[in-house]
Amino acid sequence: MSRIRFSDFERIVFFTGAGMSAESGIPTYRGKGGIWAEYDYEDYACQRAFDRDPERVWDFHDRRRAAVRACEPNDGHRVVTAVQERRPGTLVVTQNIDGMHQRAGAAVTAELHGSLWRVRCDADEIVRDDDTVPMTPRKCSCGGYWRPDIVWFEDSLDHRVVCRAREALEACDLLVSIGTSAVVYPAAELPRIAVQRGAVTVEINLEDTPLSHLYQHRLRGKASDVLAELNR
Ligand code: OAD
């Protein structure tokens, strides 16, 4: 284990992916048991699928809402929150749409891929929080379907959210990437900003990723175990 300690840093950025929530029982996307091994994104997670069959896409997202609702934040989420409470310069940038950091009491600076718990009507240009399970009603008062406010495949990221993430990474003295396969761009390359700015960099994952070489410290193990060690 490295000699890194959170207590030696003031402006920490936690950059999280699905592995952060795996110990809560929420499936990751890739690998064995991953969501994209079971579901084809072209049927469930792109604008074309939604335009073709919004009911089918909503059925999928309602199953995800129910599954996430049944899970609880894990010890790893709680460490992130505790670090943020102790060191107010700590920011969370996440690719996760599950809202688990927030449920664990953390403030999230950037949800790069949107949220399972927000919906929007593109015709009326409305975005709103919605925590109903199943999401009800599926249609806006304008007659069109509410759409999950999620960055699906082939969508662009919200540039305001990316700006907040970039600013966080530019200013951090410690970057801790947790549980991401680092294959989904442009999110995957954002940690490079912290590397270029000279931050100390840590990657926590069960295994190597295509971007592991960027990190000074590559810590292998479950997120909750490694985070507990760094927090001692
Ligand atoms: P992936 O499913 O691609 O990768 C999960 C990563 O977490 C893998 O590298 C695992 O080795 C690691 N992992 C699993 N369990 C872990 C644990 N307990 N502790 C530490 N690491 C663990 O998930 P993401 O990289 O987040 O997009 O995927 C990126 C994006 O692809 C997601 O945001 C999602 C998906 O399509 C949207 O939801 C829009």
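This tour goes through the two domains and then the ligand.

**Before you start.** The model is predicted: local features need pLDDT of at least 70, side-chain atom pairs count only at pLDDT 80 or more, and totals for chains, interfaces and linings use all residues. Residues are numbered from 1 along each chain as its sequence is written, and side-chain values use heavy atoms, with hydrogens and water left out.

**Stop 1: the domains.** Select 1–26 + 73–113 + 156–232 for domain 1. Then select 27–70 + 118–150 for domain 2. These bounds come from an automatic or database domain assignment. Over C-alpha atoms, the two domain centres are 25 Å apart. Domain 1 gives 14 residues to the contact and domain 2 gives 10 (contact means heavy atoms within 4.5 Å).

**Stop 2: the shell.** Select the ligand and the 25 residues around it (a residue counts as near if one of its heavy atoms lies within 4 Å). Arg30, His113, Thr180, Ser181 and Asn205 come nearest. Domain 1 and domain 2 each supply at least three residues of this shell. Colour the shell by class: 11 residues are nonpolar, 10 polar and 4 charged. Here Ala, Val, Leu, Ile, Met, Phe, Trp, Tyr, Cys and Pro count as nonpolar, Asp, Glu, Lys and Arg as charged, and the others, Gly among them, as polar.

**Stop 3: Ala18, Glu23 and Gly179.** Which residue has a polar backbone atom 2.8 Å from an oxygen atom of the ligand? Ala18 does. At Gly179, a polar backbone atom is 3.2 Å from a ligand oxygen. Now show the side chain of Glu23: one of its N or O atoms is 3.3 Å from a ligand nitrogen.

Note on methods: A polar contact is a pair of N or O atoms within 3.5 Å; within protein, one must be able to donate a hydrogen and the other to accept it, and residues adjacent in sequence count only if both atoms are side-chain atoms.
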